[in-house]
Amino acid sequence: MTTSTEAARGRLTLGHPAKRRALEDRSVLITGGAGGLGAPTAQALAAAGARVVVLDRDASGGERLATDICGTGREAVFVHMDLSDTKGVLARVGELAARRTIDILVNNAAIFPSRKFSDYSLDEFELVQRVNVQAAFACCQAVLPQMVAQRWGRIINVSSITFYGGWAGIAPYVVSKGSLIALTRALAREYGSFGITANSICPGAFPTAAEDIQGDPEAYRQLVLQQQCIKRRGTPADFANAVLFFATDQSEFVTGQSLNVDGGWFMT
């Protein structure tokens, strides 16, 4: 595990009680929070009133994000972390949870190497599972005791529509995203009686760095639009709105579910 760094903290500006933001007085931990979908989502969670803890291996991006959020008068902390070190993740997130209750966990981090199935090594397969699944498992283990104690919590696992489509060339990634849906359902069943919900979001094809693996960007864009019912590309706001729904009390009677945010590509 790499050395953690924390950005300067800002204070939440509390409004009139009648105008309280949806996540005021809640703390959110988001992994992969400095990425193309993670950063706008962290900003949206902060705008809704949450205190945000961002975990990422991108030190400059994470520190910049935390500074930007703090600049709006809200609180954000960045922690530089190698999510492939599962035991380190469990220990570090446990330390964070001991210092501040984590009310909402967003397991968003993922890696996605791309090549023919026959060309993957077992080591590479295991690395994808460590970052995409085992780190999420460890984060859940670290934050659940306090969620149980307060009888309230939200776990949001970011899966992918590739689980439904069986994409070629990214088999380890597809396996990992299916595992997150299974983890979501198991947690929903085990912890629902404690007021904790667990849901997953399956994003479609968003124009982020993840698309760099595509050889012909324009052909890929046309393919996406052909498959979607809604004929525009998804935006970070589309994804962030789904996270906000599962993070707030608007979804308090929804658990164990997977929500496709893909413009109607897959209907499962």
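In the predicted model, strand E1, comprising residues 27–31, is mostly covered, with five of its five residues buried. The side chains of this strand are divided between two directions: Ser27, Leu29 and Thr31 point one way from E1, whereas Val28 and Ile30 point the other way, and all are buried. In a regular strand, side chains alternate between the two faces of the sheet.

Strand E1 pairs with two further strands. With strand E2 (residues 51–56), E1 forms a parallel pairing over five bridges; within this pairing, Val28 has Val52 of E2 as its bridge partner. The pairing of E1 with strand E4 (residues 104–107) is likewise parallel and extends over three bridges. Here, the bridge partner of Ile30 in E4 is Val106. Val28 and Ile30, which point the same way from E1, are thus bridged to E2 through Val52 and to E4 through Val106, respectively.

The connection between E1 and E2 involves helix H1, which spans residues 38–47. Together, E1, H1 and E2 constitute a β-α-β unit of right-handed sense.

A separate set of contacts concerns Ala171, a residue of helix H6, which covers residues 171–191. When neighbours within four places in sequence are left aside, Ala171 is in contact with Phe117 and Tyr120. The C-alpha atom of Ala171 is also separated by 8.6 Å from that of Phe125, although these two residues are 46 residues apart along the chain.

Methods
Residues numbered from 1 in each chain as written. Predicted model: local features only at pLDDT ≥ 70, side-chain atom pairs only at ≥ 80, totals over all residues. Heavy atoms only, no water. Helix = DSSP H or I, 4+ residues; strand = E, 2+ residues; numbered from the N terminus. Contact = heavy atoms within 4.5 Å. Buried < 20%, exposed > 50% of the residue type's maximum accessible area, 1.4 Å probe, protein only. Pairing = 2+ DSSP bridges. Right-handed = clockwise from strand over helix to strand, strands pointing away.
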